[in-house]
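Please look through the sequence and the structure before reading on. The paragraphs below take up a few of its parts in turn.

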Amino acid sequence: MLAALLKRGVAGRRILYPRSQLARDLLVTELRATGADVSAPVAYHTRKPASAEEHLSRALGDGWMP
């Protein structure tokens, strides 16, 4: 993605990059280094469901294999 954006030229442009709280800063850092004005608000949080461990335990206990 970074290479494609850099080919288009980003210096002096304003870029909105909504992202997960887990997203790395690489894209934002590199775009800013080339002169882009990047706004990167957290748009969503990634969380596992509270019951995920119970479901996994049950699936593995029943002999389920992907």
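Does D25 count as buried, partly exposed or exposed? The model is a predicted one, and in it D25 has 46% relative accessibility, so D25 counts as partly exposed. Here, partly exposed covers the range between under 20%, which is buried, and over 50%, which is exposed.

D25 has a partner. The structure holds one salt bridge, and this bridge joins D25 to R19, with the closest N and O atoms 3.0 Å apart. R19 is a residue of strand 2. The relative accessibility of R19 is 14%, so R19 counts as buried. What does R19 touch, leaving aside its neighbours within four places in sequence? The residues in contact with R19 are R24, D25, V28, A40, P41, V42, A43 and Y44.

One of those contacts, V28, leads to helix 2. This helix spans residues 26–33, and its buried residues are L27, V28 and L31. Viewed down the axis of helix 2, these buried residues fall within an arc of 95 degrees, so they line one face of the helix. A general rule helps here. An α-helix has 3.6 residues a turn, so residues three or four places apart point the same way.

What do the buried residues of helix 2 pack against? Their partners are helix 1 (2–8) and three strands: strand 1 (14–16), strand 2 (19–20) and strand 3 (37–39). Strand 2 is also where R19 is found.

Past the end of the helix, the chain reaches a glycine. Helix 2 is followed by G35, which has a positive phi, near 100 degrees.

Terms used:
Residues are numbered from 1 along each chain as its sequence is written. This is a predicted model: local features need pLDDT of at least 70, side-chain atom pairs count only at pLDDT 80 or more; totals for chains, interfaces and linings use all residues. Side-chain values use heavy atoms; hydrogens and water are left out. Buried means under 20% relative accessible area, exposed over 50%, partly exposed in between (1.4 Å probe, protein chains only). Helices (H or I, at least four residues) and strands (E, at least two) are DSSP runs, numbered from the N terminus. The arc is that of the directions from the helix axis to the C-beta atoms. Contact means heavy atoms within 4.5 Å. A salt bridge is a side-chain nitrogen of Lys or Arg within 4 Å of a carboxyl oxygen of Asp or Glu.
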